[in-house]
Amino acid sequence: MFSSYFNESILGRAQKEDKIKVNIYNLRDYADQKDKRRTVDDTPYGGGPGMVMMVEPIFKCVEEIKSKVESRSHFAKASRDKKSKVEGKLLILLTSAKGELYNQQKAEKIKNNYTDVIIICGRYEGVDERVAEFIADEEVSIGEYILTGGELPAMIIVDSVARLIDGVLGNKESLESESHNTEKNKCISSKDKKYDYPVYTKPADFKNWQVPEVLLSGDHQEIEKWRARH
């Protein structure tokens with residue numbers, strides 16, 4: 001599921017160019033080795049429907065990733081000038097329907113403040129609460145609805161943060177003109193925020209649906225005024 005999305009188009013190119021690095025970890029690899037089924041979920045204490053993701057495989061997986069990040073960070077720190085204050089920062093997120101609503105501002109905060117992000121994919125019936133209490137730094141939700149799993153939210157988070165990294169998008173202006181650019185919408189109420197202006201391409205006339213004449217005029221000053229109004 002992940003590789004089909006991350007290895008194509010902009011994100012695929014970003015990985016090939018070492019702009020970003022995405023690693024996928026299978027929790028079954030961290031299950032009890034004596035268990036042939038490599039179980040990662042179980043019935044909830046106190047009864048109730050469905051299965052709950054177990055804390056132990058998640059803990060083992062996160063600890064292994066943290067050790068890799070810390071090892072790389074220490075090596076990088078030792079290689080830098082002693083006066084440098086730049087250090088690697090790790091954020092651990094748990095996708096959860098009860099988490100804080102994820103938005104563009106959060107994506108920018110992650111991009112600006114962290115070098116590494118671990119995303120724990122939640123499940124429909126839930127994850128052992130000790131993951132949220134003791135392992136994850138934050139719980140995030142991509143919307144007020146329920147999904148069967150946290151894979152799609154994880155992809156959305158990766159995509160929204162990755163595209164903010166220098167060089168990932170081919171045209172820097174694409175970021176500056178976007179609807180949810182927080183710099184563009186700073187100090188503006190949600191009701192009055194400016195979104196992307198309408199865009200059109202060939203043909204200029206399709207089924208008698210016309211492209212606005214100003215966009216065909218070649219008058220860039222008037223085009224900018226039109227875009228500002230829309």
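The turns below go through a predicted model of one protein chain.

Colleague: What is the mean pLDDT of the protein, and which residues stay under 50?
Modeller: The model is predicted, and 83% of its residues reach a pLDDT of 70 or more. The mean pLDDT is 87. The stretch where pLDDT stays under 50 has one contact beyond four places in sequence, and that stretch is residues 82-86.

Colleague: How many helices and strands does the protein have?
Modeller: Buried residues make up 30% of the 230 residues in the protein. Of the contacts between residues at least 6 apart in sequence, 66% join residues at least 24 apart. The count of elements is nine helices and seven strands.

Colleague: How much area does the protein expose?
Modeller: Carbon and sulfur atoms supply 50% of the exposed area. The total is about 16,300 Å².

Colleague: Which residues form a nonpolar patch on the surface with about 280 Å² of accessible area together?
Modeller: One member of the patch, leucine 152, sits in helix H6, residues 151-162. The patch as a whole is formed by Tyr145, Leu147 and Leu152.

Colleague: What span should helix H6 have, and how far apart are its end C-alpha atoms?
Modeller: Helix H6 has 12 residues, taken at 1.5 Å a residue. The expected span is therefore 16 Å. The end C-alpha atoms agree with that, being apart by 16 Å.

Colleague: Is H6 mostly covered or mostly open, and what do its buried residues pack against?
Modeller: Nine of the 12 residues of H6 are buried, so the helix is mostly covered. Among the buried ones are Pro153, Met155, Ile157 and Val161. The elements that the buried residues of H6 pack against are helices H1, H2 and H4, and strands S3, S4 and S5.

Colleague: What is glycine 50 in contact with, leaving aside its neighbours within four places in sequence?
Modeller: Glycine 50 lies in the loop between strand S1 and strand S2, and is partly exposed at a relative accessible area of 37%. Its C-alpha atom is separated by 8.6 Å from that of tyrosine 124, 74 residues apart along the chain. The contacts of glycine 50 are Thr43, Pro44 and Glu125.

Colleague: Which residue forms a salt bridge with aspartate 116?
Modeller: A search of the whole structure finds 12 salt bridges, and in this one the closest N and O atoms are 2.4 Å apart. The pair links distant parts of the chain, 44 residues apart, with aspartate 116 in strand S4 and its partner in helix H3. The aspartate has a relative accessible area of 15%, which is under 20%, so aspartate 116 is buried. The partner is partly exposed at 45%, and is arginine 72.

Colleague: Why are glutamate 224 and arginine 227 separated by about one helical turn?
Modeller: An α-helix has 3.6 residues a turn, so residues three or four places apart point the same way. The side chains of glutamate 224 and arginine 227 meet in a salt bridge at 3.8 Å, N to O. The separation is about one turn because the two residues are three residues apart in helix H9.

Colleague: Which residues do salt bridges that share partners join into one network?
Modeller: Arginine 227, from the pair just described, is partly exposed, with a relative accessible area of 29%. The network is a separate item, made of Lys98, Glu129 and Glu139.

Colleague: What is the phi of arginine 38?
Modeller: Most residues other than glycine have a negative phi, and most peptide bonds are trans. Arginine 38 is in the loop between H2 and S1, and forms a salt bridge with aspartate 29, the closest N and O atoms being 3.0 Å apart. Arginine 38 is partly exposed at 34%. Although it is not a glycine, arginine 38 has a positive phi of about 50°.

Colleague: Is aspartate 18 buried or exposed?
Modeller: Aspartate 18 is in the loop between H2 and S1, with a positive phi near 60°. Its relative accessible area is 70%, which is over 50%, so aspartate 18 is exposed.

Colleague: Is the peptide bond from lysine 202 to proline 203 cis or trans?
Modeller: Proline 203 is in the loop between helix H7 and strand S6. The bond from lysine 202 has omega near 0°, and is cis.

Conventions: Residues numbered from 1 in each chain as written. Predicted model: local features only at pLDDT ≥ 70, side-chain atom pairs only at ≥ 80, totals over all residues. Heavy atoms only, no water. Patch = residues over 30% accessible without salt bridge, like charges linked within 9 Å, V, L, I, M, F, W, Y side chains within 5 Å. Areas by Shrake-Rupley, 256 points an atom, 1.4 Å probe, with all protein chains shown as cover. Salt bridge = Lys/Arg side-chain N within 4 Å of Asp/Glu carboxyl O. Helix = DSSP H or I, 4+ residues; strand = E, 2+ residues; numbered from the N terminus. Expected span 1.5 Å × (residues − 1). Buried < 20%, exposed > 50% of the residue type's maximum accessible area, 1.4 Å probe, protein only. Contact = heavy atoms within 4.5 Å. pLDDT = per-residue confidence, 0-100.
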